[in-house]
Amino acid sequence: MGDFSLQFAPLLPWAAIIALACVAAVVALLGIVARLRAAWLRTAMLGLFLLALCGPILSRQDREPLPNVVALVVDRSASQGIGDRTSQTNEARDAITRQVKALGNVDLRVVEASGDPASADGTRLFGALSNALSDVPPDRVGGAVLLTDGVVDDVPARAAELGFKAPVHGLITGVPDERDRQISLVEAPRFGLVKQSTTIRFRITDHGPNMPSTATVVLRRDGEEIARTSVPVGEVSSLQVPIDHAGLNVVELEAETVPGELSPVNNRAVLEIEGIREKMRVLLVSGEPNAGERTWRNLLKADANVDLVHFTILRPPQKGDGTPINELSLIQFPTHRLFDEEIHRFDLIIFDRYAQEGLLPSAYFDNMTEFVRNGGAILLASGADYASENSLWGTALADILPAAPTGNVLYQPYRPAISDLGKRHPVTRDLPGSGANPPAWGQWYTTVETNLREGTAVMSGAQGAPLLVLAHQDKGRVALLLSDHAWLWARGYEGGGPYVDLLRRLSHWLMKEPDLDEEALRAKANGRDITIERQTMADSVAPVDLTGPNGEKARLTLKPEKPGLWTADYTTDTMGIWHAQDGALQAITNVGPANPREFQDLISTPDRLKEVAKETGGTVQRLASAAGFAVPAVRAVGDGSPYGGDGWIGLKRSEATVVRGIASFPLFAGLIGLALLLGGLSMMWAREGR
């Protein structure tokens, strides 16, 4: 392909050539007016000389047409794996590829846009299209073909945002009149108060012909079914979810499937509700005044989540000085109200150096025993009082206390030590300074000698005697701290010790903080990775069975991470709720977003692409119809012609070219120019010589 053009390279400045042209025009005009012989020949000769001074050059450009660039974007998102959509996509991709290449002089760019099902962005095909054509000038783009189910989440609002002027065609997989059910959350709280209920609002939407008007919905919390009800389709419904524990509560709503629906994956909605305790109510009763009394008070008052009620016994009533009972305290001790009427409202009762001095009737200790068995907690922070004849061991609390006093107190210096079982227990595991031998903390000087009858001694004192004993009693918990010298750590004696960590963990264990349970199975998801944690006091653990939302199963062998903690990791591409089970223990976690956008709307549709296709002159067509499956024919058409019709799609024919070579021919250079000038002079002389 060649293009010719005429250019000039003047021998004189253009101003001089114009001046000479004016003089030549005057001379020629005078000759013509005077009717001189050969006047016209003289005029032509003057023009020839002027043209020679302009330096005319004839140029020829050899141009090669550039190929049209056509993008074929293939949707490989998760929704494209439903039904026959994958096979339809592959067949259409191969047919379009063959037809486009048969057009000739076409650069076909095939882009597989898989997307990430764990992303909250959904299917993004136009981003992939933009990347594929980012290095192509707009005039070379012949068009774009999108092979998709039509559920595209990044369709531009205007065709001008595409960056090129060429047709965009959408070829839609799937079939008409598809059936599917979808559940969507309207109101999903992120937080809820423990022991209270929170409200979830949701809507069930059905697509397709002959769908039912109601649907059964199952509500689960941490994998356990807690409600089942029937709700109307298309309307906003609500359910109450009781928050059972602090920390993460995984709540799952599942609607029954409809016969013939595309997939049950969007029949399920998941949300994670963080359980938050109301202020935990703690009753602290200090008996005999001691140096450590303020340690407990300061620790509990510093915790914003603790509502503390503290009473100190200033003087026992049997003191025979005639002081009336109602004057033995600054505020009368409301024993009946606290230990009878409102005992159930407390989470934890702490007795700090308290001995039975007749202030509390025996019936109240019966109440406290029942309080523990029904889920409450009691901590005895004892000194010599626990070994005395007025010890709380002599009350009804003896039924739930894990260690019996011998009546002896060991008065000798020692450094509290973590027992072998304590190294596995989350209350005492990894306490700061416990890794050294002996532990890097200050000494204590008293230990109440006891006989352990149940529970776990997680710390030991003088002569290896139990120092901190933890025990479960029915639904509640009990702890014995068999020394009143924890305050030495708080005062920094001999460098102090981790009293804040120890006492805070101890109080939170008593109040059933899930992270401090001795036996627990936890599952945590980070991206596509699932981490299983097994907390146990045992020497070994059984394998954990992991089950995915699609029935995928795996058996994981756990490895020791640290004493009492075993872990295993598993990587998966399957999004949704995963169940982990180890005997009686189970845990669940959600992989990916709680409700991935990719799985919310599964119905194939041409509607989302219609507007951008119309603006660019393209079309949107279904590959499958009642007549069968058919891939439209591909044609190359010129600018201004229709780019599509029934059974065919058109691609814009580009006129872009690239210059491969340039040839120049000076018209008055060399022998050719000399011959023209000499020929003209000869003709003029011959004419005048007649």
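Helices and strands here are DSSP runs, numbered from the N terminus. The model is a predicted one.

**Exercise 1. Place Thr-619 and describe its surroundings.**

Step 1. Thr-619 lies in the loop between α10 (607-616) and β33 (620-622).

Step 2. Buried means under 20% relative accessible area. The value for Thr-619 is 16%, so Thr-619 is buried.

Step 3. The side chain of Thr-619 makes a polar contact of 3.0 Å with the side chain of Gln-621.

Step 4. Leaving out residues up to four places away in sequence, Thr-619 touches Val-168, His-169, Gly-170, Ala-613, Gly-644, Gly-645 and Ile-649.

**Exercise 2. Check the length of helix α3 and list its buried residues.**

Step 1. Helix α3 covers residues 85-102, which is 18 residues.

Step 2. The expected span is 1.5 Å times one less than the number of residues. For α3 this gives 26 Å, and the end C-alpha atoms are 26 Å apart, so the two values agree.

Step 3. Buried positions in α3 are Arg-85, Gln-88, Thr-89, Ala-92, Ala-95, Ile-96, Thr-97 and Val-100.

Step 4. Just after the helix, Gly-104 has a positive phi of about 80°.

**Exercise 3. Which residue forms a salt bridge with Arg-85, and are the two partners buried or exposed?**

Step 1. The partner is Glu-178, with an N to O distance of 3.2 Å between the side chains.

Step 2. This pair links distant parts of the chain: Arg-85 belongs to helix α3, Glu-178 to the loop between β6 (168-172) and β7 (180-187), and they are 93 residues apart.

Step 3. Arg-85 has a relative accessible area of 1% and is therefore buried. Glu-178, at 9%, also counts as buried.

**Exercise 4. Describe the salt bridge of Asp-517.**

Step 1. Asp-517 pairs with Arg-477, and their closest N and O atoms are 2.8 Å apart.

Step 2. Asp-517 sits in the loop between α9 (499-510) and β25 (520-526), while Arg-477 is in strand β24 (residues 476-481); the pair links distant parts of the chain, 40 residues apart.

Step 3. Arg-477 has 8% relative accessibility, so Arg-477 counts as buried.

Step 4. Elsewhere, Arg-76, Arg-93, Asp-94 and Glu-112 are joined into one network by salt bridges that share partners.

**Exercise 5. Find what the side chain of Asn-267 reaches.**

Step 1. Asn-267 is in the loop between β13 (247-255) and β14 (268-276). Its relative accessibility is 1%, so Asn-267 counts as buried.

Step 2. The side chain of Asn-267 reaches the backbone oxygen of Glu-256 at 3.4 Å, and a polar contact of 3.0 Å joins this side chain to that of Glu-261.

Step 3. Not counting residues up to four places away in sequence, the residues touched by Asn-267 include Arg-181, Ile-183 and Leu-253.

**Exercise 6. Contrast Leu-556 with Phe-8.**

Step 1. Leu-556 is in strand β28 (residues 553-556), whereas Phe-8 is in strand β1 (residues 2-8).

Step 2. Leu-556 is buried, with a relative accessible area of 8%. Phe-8 is partly exposed, with 42%.

Step 3. Beyond its neighbours within four places in sequence, Leu-556 is in contact with Ile-532, Pro-543, Val-544, Leu-546, Ala-568 and Tyr-570.

Step 4. Phe-8 forms a nonpolar surface patch of about 320 Å² together with Trp-14 and Ile-18.

Technical notes
Residues numbered from 1 in each chain as written. Predicted model: local features only at pLDDT ≥ 70, side-chain atom pairs only at ≥ 80, totals over all residues. Heavy atoms only, no water. Helix = DSSP H or I, 4+ residues; strand = E, 2+ residues; numbered from the N terminus. Buried < 20%, exposed > 50% of the residue type's maximum accessible area, 1.4 Å probe, protein only. Polar contact = N/O pair within 3.5 Å; in protein donor to acceptor, adjacent residues only side chain to side chain. Contact = heavy atoms within 4.5 Å. Patch = residues over 30% accessible without salt bridge, like charges linked within 9 Å, V, L, I, M, F, W, Y side chains within 5 Å. Areas by Shrake-Rupley, 256 points an atom, 1.4 Å probe, with all protein chains shown as cover. Salt bridge = Lys/Arg side-chain N within 4 Å of Asp/Glu carboxyl O.
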